[in-house]
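Visitor: I am new to reading protein models, and I would like a close look at a single part of this one. Could you take the part slowly, and then show me how the rest of the chain is arranged around that topic?

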Amino acid sequence: MLDKKIMELPGAKGIMSLLTLLTLIQSVAIIGQTSTISRAIVGLWNGHPLSAQITWLVWFVVLYVLRHLCIYIKQQRLDKFASKQSQEIRNQLLDKIFRVGPEITQKEGTGNVTTMALEGVDQVEDYLSLSLSKIVNMMIIPFVILIGIAVYDWKSAAFLLLILPVDVIFMIILGYAAQAKADKQYASYQILSNHFVDSLRGIDTLKFFGLSKKYGQSIFKTSEKFRIATIDTLKIAILSTFALDFFTTLSIAVVAVFLGLHLISGKILLYPALVILTLSPEYFLPIRDFSNDYHATLNGKNAFSAINEILDFDEDPPVEQTLPQWDENSHLKVEQMSYAYNQAGQKNQFSFEIDGFQKVGVIGLSGSGKSTLINLLSGFTQPKHAQIDFNGVKFDSFKQADWQKQIIYIPQDPYIFHASLHDNIVFYHQEASDEQVTKAVKVVGLEQLVKDLPDGLDTLIGEGARSLSGGQAQRIALARAFLDQSRKIILFDEPTAHLDIETEVELKERMLPLMENHLVIFATHRLHWMNEMDQILVLDNGQVVEAGSLDELQEKNGALVQLRHAMGRI
């Protein structure tokens, strides 16, 4: 139940030491309260007045309060520890995702990573809050109580000691069965998360091609698999809880029978028999609590393991280099920059050269490696191998702070934050003045949107607020780019892929002036953009198969011309 990595968390050893100390005090208090209340009951049984039992009753109350005070302090400190650690885990997870970039989401799935960061961390908090206390209780309380029972009757202690492994073995067997079912349930949950998020993101495309109902049925089938896996897990959980309760109740009943027989035969007095009988349920209670909470924390354990897999993801950070600012005289040479999606998958390998301020078109069929090249150039993805020369400075990855500070990245679907239109535009350039924002709005053609919004630039948009069209979202991304003139490298990853041709043509007129005095690398499958490019890189099977100006490539009658015939004049 306890993941070894829990002990690597900051403060884990300290909280375990505190739990151990408080649990020892709690165990002694349990024996003490049982002994004192038994003394009072036996005194009354022997005909002594109630006033004579006041001392024992006071001690019982004191020890009862002490026991529950230990429980309260343990839970309070555990809740604080679990809350702090879960927040730190969430920060580490988000930091890792933002630092590594799309490589993790491609490997784990967008839906899975999103669910992990939101619900998974909360499950980890419950896991930490429940598991540590229950394990310490199970490791200490039964054996301290067993010592207390042995003081009064070693035979009863021996029987309880022998029956404990039987209960534990049975719990382990059912625990493994529950773990297998929980793993299957968690795997189904991951598939459902990824499938749902991917379908939701592509719902417009699915509806356009008449496939939304088909994918709706697919999500239904996936959710049914998750439901069945959840029911199977609950069945095992209920069965194991029932079985453990049955065996522990039967064990206590056997102890009670033998104590009764010994009382009748005079082999034991009422006081020790009452103490042993009262302590027997307390002996099994930590094991029963552990068993009940084991099933409640399986998802938390799985989430904790999955999060640690991401946190342990090998980044292989490159050596940081001091790089110059890109200008009209800059030169970039890339040789054998390779990236493989998996051991058996397609391997991309790119080689090309770029000079100064120019517009570089990256063209190719779907799957040719356009997005991979943009991700490598942005530093989002680490290449397996690369020889990069930037103005004489050599390095092996574009994941360089001095390089990334010069980049503006505009993807297919720019993210619109849940904030005002003004805050969305200035998101990367917070110090922009109102005059600069107004100019940016005019340059990218957002004036009509501002007029239509009820509160103009102060209108709340994104994430459940005012929805925007794809063209409007792209205009906001362009406005962000226009505001930050210090960045001279713009990377476009098929920015017009989801736009109709009319919107694209209108947006094209706004985009071209923004590309002046910049290095622009424009990945697209729309061939008409190549007329605007100074240089074209034609990709096929993850490689640059042809490079040059449009006129040069047309004269060659090579890969670009073949691609034009294959794609049509888009």
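Guide: Residues 135-152 form a span that is 100% helix and 0% strand, and the C-alpha atoms at its two ends lie 27 Å apart. Please keep in mind that what you see is a predicted model. The span carries the annotation "transmembrane region" in an unreviewed UniProt entry, which also gives that name to residues 56-73, 158-178, 236-262 and 268-285. An annotation of this kind may be inferred rather than shown by experiment. Residues 56-73, another of the annotated stretches, are likewise 100% helix and 0% strand, with their end C-alpha atoms 25 Å apart.

Let us now turn to the packing of side chains. The largest nonpolar core of the model has 57 residues, and those with the most contacts inside it are Leu132, Ile145 and Ile307. At least two residues of this core come from each of the helices H1 (12-45), H2 (54-100), H4 (110-152), H5 (154-201), H7 (212-265), H8 (270-296) and H9 (298-311). Helix H4 supplies the largest share, namely 15 residues. If you select Ile145 and set aside its neighbours within four places in sequence, you will find Ile145 in contact with Ile30, Ile31, Leu279, Glu282 and Tyr283. Apart from this core lies another, of 45 residues, and among its members are Leu449, Phe492, Met533 and Leu550.

Tyr283, one of the contacts of Ile145, leads us on to the aromatic rings. The model holds 14 aromatic pairs. In one of them the rings of Tyr127 and Phe304 have centres 6.1 Å apart and planes at 50 degrees, so the pair is described as tilted. Because Tyr127 belongs to helix H4 and Phe304 to helix H9, the pair ties together parts of the chain that are 177 residues apart in sequence. Both Tyr127 and Phe304 are buried. Tyr283 and Phe284 make another pair, this one edge-to-face, with 5.0 Å from centre to centre and 80 degrees between the planes. Tyr283 counts as buried because its relative accessible area is 0%, and Phe284 also counts as buried, at 0% relative accessibility. Elsewhere, ring pairs link Trp326, Phe390, Phe395, Phe398 and Trp403 into a cluster.

Rings can also have a charged group placed over them, and two examples are worth finding on your screen. The charged end of Arg39 sits over the ring of Tyr271, at 3.8 Å from the ring centre, while Lys508 lies over the face of Trp529, 5.1 Å from the centre of that ring.

A further residue to examine with care is Ala432, which is found in the loop between helix H12 (421-425) and helix H13 (434-444). Ala432 counts as buried because its relative accessibility is 10%, and the cut-off for that word is under 20%. When residues up to four places away in sequence are not counted, Ala432 touches Val426, Val437 and Leu483. Of these partners, Leu483 is 51 residues from Ala432 along the chain, yet their C-alpha atoms are separated by 7.2 Å.

Two residues call for a look at the backbone. Gln336, in strand S1 (residues 331-340), has a positive phi of about 50 degrees although it is not a glycine, and Gln336 is partly exposed, with a relative accessible area of 38%. Asn557, also a residue other than glycine, has a positive phi near 55 degrees. Asn557 is found in the loop between helix H17 (550-556) and helix H18 (559-567), and with a relative accessible area of 53% Asn557 is exposed.

Stepping back to the whole chain, you can count 18 helices and 12 strands, and of its 570 residues 48% count as buried. Among contacts between residues at least 6 apart in sequence, 77% join residues at least 24 apart.

Finally, a word on confidence. The chain averages a pLDDT of 82, and 81% of the residues score at least 70. Confidence is highest in strand S3 (residues 359-363), at a mean of 94, and lowest in helix H6 (residues 203-208), at 58. Where pLDDT is low, the predicted coordinates should not be read in detail.

Methods. Residues numbered from 1 in each chain as written. Heavy atoms only, no water. Core = buried A, V, L, I, M, F, W, Y, C linked by side-chain atoms within 4.5 Å. Buried < 20%, exposed > 50% of the residue type's maximum accessible area, 1.4 Å probe, protein only. Helix = DSSP H or I, 4+ residues; strand = E, 2+ residues; numbered from the N terminus. Contact = heavy atoms within 4.5 Å. Phe/Tyr/Trp six-rings, centres within 6.5 Å; stacked < 30°, edge-to-face > 60°. Lys NZ or Arg CZ within 6 Å of the ring centre and 35° of its normal. pLDDT = per-residue confidence, 0-100.
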